[in-house]
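Work through the following exercises with the coordinates open, and compare each step with the worked solution.

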Amino acid sequence: MKKVITYGTFDLFHEGHYNLLKRAKDLGEYLIVGVTTEQFDEYRGKVNVIDSLMERIERVRQTGFADEIIVEDHLGQKLDDVQKLGIDIFTVGSDWVGAFDYLKDYCEVIYLDRTKDVSSTMLREKNQKIIKIGIIGSGRIAGRFMPEAKNVSAINIEAVYNPRIESAKKFGKKFDLDVYTDNWDFFLSKIDAVYIASPHNAHYEYIKQALTADKHVLCEKPMILNKTYAEEVFALAKEKNLVLMEAIKTAYAPGFIKLLNIAKMRSIGKIYDVEACFTRLASGNIRELKPEENGGSFTELASAPLLAVIKLLGKDYDGLRFESFTDKNGVDIYTKAYFKYKDSLATVKVGLGVKSEGQLIISGSNGYIIVDAPWWKTQGFEVRYEDTNKNEKFFVKYLGDGLRYEINEFAAMINKNDDKNRYKLTAGESIAIAEIMERFLTWRRKSE
Ligand code: C2G
């Protein structure tokens, strides 16, 4: 009996998939189809998959061509499967020509012609309304957003707004945007959602105006430096049934989510301490160092470390105090925030003028988790125990600049419109971060 195997995501099952499976079946007597998990697709760089694994398996089953369906969840599995299952022929579409030649030592490898003019990507674009996004602000951060946004097929960047038209124009030309403008109403008329990348003092007003005009909002961190304002905008978003999301990219990165899950499984026991550090040296006459722009180490850099603390220990700390070194303008160049919870502690260490190791350490009663710098782009971490033989290392891919994960989540939230799914960063967590920022600024003003 000739055994054939093929693999795929089979998202939004279409004619191309059907033809491929039919021809694969015709190559032998017994066809095994490997369907990828979401995690493996994410690892491969496919962050747009719409159908669930169960739905995709069901569609493959319904064709009647597969004699057996298996799940593909890791790199290197194909070689294992071919040997384990006694495969005679490995086949896949011609978009992969050459990629699986290494299997030729174990079986025959056949690349079948792809069906023209149909693909999951095309269907995703046709089936779902592409979300038109406008960028507010045209500085460095907005520039980083552009190439990352290209990886998310559910959205398209349509326009850029800046009250300084010269800056908007430069950005529009650089990234080939048709609409670059200093006209707010014109800008809003072109889009469904905004990404706010303006200096942080302007966030609150932009969020309010965009929500009022019925636009979804993704806002750069720190979203808001005041608890009451944060509560107000989240209430407004809820009332209008719009998505409002804070762009702390770590929150949406697969590696960070895995880290949280493992920490919460309690293999390290009860968590007693979280230490998170983030430093980035900066100097000169820049916004980050201006008191009137609410610059400084804490407002600039503490969002991700605070996210880690709140995710791991919660929002209900009993005590919080700060220590800082400030420059001649009163801006903190180094700050430590000390949290006291009922039965745990946390420290956040941030510096624009002091360099340190950008580590995250989570200490528990049985062991600790160490995430190497840069922990906020979580790629790998180690769980360590007293008995070092039990130590375990985990690796998770972090693609590009990582913004694609938050952009993808933003699009998914808009399409799903389901409040229950917001576990990666909740409104309550963003409000808690805004409150900590406010407490810090109040303390800094007082200690001047
Ligand atoms: N396919 C095709 N014609 C199309 C589209 C897809 O023949 N118009 C084929 C692909 O070449 C692949 C299969 O259908 O063999 C499944 O396609 P995808 O779901 O896009 O999966 P893919 O990412 O190609 O996964 O590591 C190899 C992968 O497992 C194949």
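Two strands pair if DSSP finds at least two bridges between them; helices (H or I, at least four residues) and strands (E, at least two) are DSSP runs, numbered from the N terminus. This is a predicted model, in which local features need pLDDT of at least 70, side-chain atom pairs count only at pLDDT 80 or more, and totals for chains, interfaces and linings use all residues. Residues are numbered from 1 along each chain as its sequence is written, and side-chain values use heavy atoms, with hydrogens and water left out.

**Exercise 1.** Establish the strand order of the open sheet and its edge strands.

Solution. The five strands follow the order E3-E2-E1-E4-E5, with parallel pairing. Strand E3 (68-72) and strand E5 (108-112) are the edges, since each pairs on one side only. Between E2 (residues 30-36) and E3 there are five bridges in the parallel sense, and valine 33 stands opposite isoleucine 69 in E3.

**Exercise 2.** Describe how helix H3 packs on the sheet.

Solution. Helix H3 (residues 53-62) touches E2 and E3, where contact means heavy atoms within 4.5 Å. The direction of H3 makes about 160° with that of E2; axes are lines fitted to C-alpha atoms, for helices over the stretch in contact, and angles run from 0 to 180 degrees between N-to-C directions.

**Exercise 3.** Locate the buried residues of helix H9 (residues 203-212).

Solution. Buried (under 20% relative accessible area, 1.4 Å probe, protein chains only) are His203, Tyr204, Tyr206, Ile207, Ala210 and Leu211. They lie on the same side of H9 because they cover an arc of only 165° around the axis, taken from the directions from the helix axis to the C-beta atoms. Just after H9, aspartate 214 adopts a positive phi of about 65°.

Technical notes: Buried < 20%, exposed > 50% of the residue type's maximum accessible area, 1.4 Å probe, protein only.
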